[in-house]
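Let's walk through this protein together, one region at a time. Take a moment to look it over, and then we will begin with a single residue.

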Amino acid sequence: SYVSANLGSLGWNSLSDVTVGLGLNSPFGLNIRYPVDGPFNTVVTSAALPLIAIKPTLAYKLNDQLAIGASADIYTFASFLGQGHAEQKQVGTGPLAGASIEANGKGTGAGATFSLLYTPLRNSDGKPIASIGLIYRTQAVLPLNGSLLVNGAKVADASTSLVLPQIYTGAIAIWPVRTSEREWKLELDVEYVGWNSNRNLDIHLSSGQVIPQPQQWKTVPVVAIGTEYKWLNPSWLPHWDVAIRSGYTRTENPVPDTTFNPATISLTANTLSIGTGFVCKGPAKFLGLVPCGGTSALWPKAIGLDMAFQEWFYESRAITGNIISPTVDGTYHAYIHLGTVSINFIF
């Protein structure tokens, strides 16, 4: 979710080239569970990372072709999401055989994002018909402090450091059609995600012991292509804009066989997406009930509804030579169905 505003539209005419915003999302969220009597239960039975990112953002338009932006990226945990901390559970071995073991922790870390948007071509109405975007997200380190629990009872304080990757992104968008009636956009995004900074998640206990959690991940690319076709105020639905969208994303696996942990879905993924969007304006009514536009500054000028569905096809993977536990060796399959609905208020 996010909110943004151009300072010029808020009355500061001298700052009409400045836009501010605040975003909230969960870019590295995780919540996974396995049967307590599963084959690798001594490695993991459940894991959760209800991490949120708070992003105060500032963008400045240098001219009609170039704009720059920057944001602080504040990563933390909140009590309204999951248990409010990162955690991993497993079944004990040796003297703790059969016991329920949990390590948890929370903390706050910060990074930053810097972006540039170059628009070399516009149509006669001043709308972009070709744009190039560049984004750099810095690495962030979260010190996690919490507890080690055995059968629900605390036995030691626990701490580790979670390293979130730096990410380089380049994107290009073109509009083969962009008129007052229709728009057709094509987009290509390429990311390089620096997971090679994730070397380990070793858990340090107040007793002086260390529970090793080797990672040794690697940097991987993420490639996405997408398209959107939009009808602007069509005769068959006056005062509405209607869009249909589709896309494909390929996400490479960053985790080697030796440190593969079922707590994370570390499989190469091919993702297909479809979606649609509706924006109603002026005298139109949202869902046939709510006026889409009003003269009051407290009422939106338009209301949007977006819906999307994704199917994640993970490539099967055979794990051999795992150093965490031989019980992890085997063949893994996964798939995800994901649907989203969002409502936008445009003031």
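S46 is found in strand 4, and in this predicted model its relative accessibility is 6%. Is S46 buried or exposed? Buried means under 20% relative accessible area, so S46, at 6%, counts as buried. If we set aside its neighbours within four places in sequence, S46 is in contact with I32, R33, E87, Q88 and K89.

One of those partners, R33, leads us to a pocket. R33 is among the residues closest to the centre of the second largest pocket, together with N31, A48, G82 and Q83. That pocket holds about 180 Å³ of space, and 14 residues line it. Which strands help to build the lining of the second largest pocket? Strand 3, covering residues 30-33, and strand 4, covering 46-49, each supply at least two residues of it. Sorted by class, the lining has seven nonpolar, five polar and two charged residues.

Strand 4 also takes us into the interior. The largest nonpolar core has 32 residues, and those with the most contacts inside it are L51, Y75, L142 and L164. Strand 4 supplies at least two residues of this core, and so does each of strand 5 (51-61), strand 6 (66-77), strand 11 (140-150), strand 12 and strand 17 (220-232). The largest share, three residues, comes from strand 11. To see how the core is knitted together, pick out L164: beyond its neighbours within four places in sequence, L164 is in contact with F28, L51, Y75, Q139, A140, L142 and S197.

Now follow strand 12, which runs over residues 153-164, to S161. Here the picture changes: S161 has 35% relative accessibility. Residues between the limits of 20% for buried and 50% for exposed are called partly exposed, which is why S161 counts as partly exposed. Its contacts, leaving out neighbours within four places in sequence, are V141, L142, P143, N200 and L201. L142 is also one of the residues with the most contacts inside the largest nonpolar core. For a sense of distance, compare S161 with P300: the two are 139 residues apart along the chain, and their C-alpha atoms are separated by 43 Å.

Next comes a covalent link. How many disulfides does a search of the whole structure find? It finds one, and this disulfide joins C280 to C292, with an S to S distance of 1.8 Å. C280 lies in strand 19 (residues 269-281), while C292 lies in the loop between strand 21 (290-291) and strand 22 (302-314), so the pair ties together parts that are twelve residues apart in sequence. The torsion about the S-S bond of C280 and C292 is about -95°, and the disulfide is therefore left-handed. Both C280 and C292 are buried.

Finally, let's step back to the whole chain. There are 25 strands and zero helices. The C-alpha atoms fill a box of roughly 75 × 40 × 40 Å, taken along the principal axes. Of the 347 residues, 37% count as buried, and S46 is one of the buried residues. Among contacts between residues at least 6 apart in sequence, 62% join residues at least 24 apart.

Methods
Residues numbered from 1 in each chain as written. Predicted model: local features only at pLDDT ≥ 70, side-chain atom pairs only at ≥ 80, totals over all residues. Heavy atoms only, no water. 1 Å grid on protein atoms, 1.4 Å probe; cavity = no way out; pocket = protein on both sides within 12 Å on 5 of 7 lines; lining within 4 Å. Points joined across faces, edges and corners; volume = space filled by probe spheres on them. Helix = DSSP H or I, 4+ residues; strand = E, 2+ residues; numbered from the N terminus. Nonpolar A, V, L, I, M, F, W, Y, C, P; charged D, E, K, R; others polar. Buried < 20%, exposed > 50% of the residue type's maximum accessible area, 1.4 Å probe, protein only. Contact = heavy atoms within 4.5 Å. Core = buried A, V, L, I, M, F, W, Y, C linked by side-chain atoms within 4.5 Å. Disulfide = S-S within 2.5 Å.
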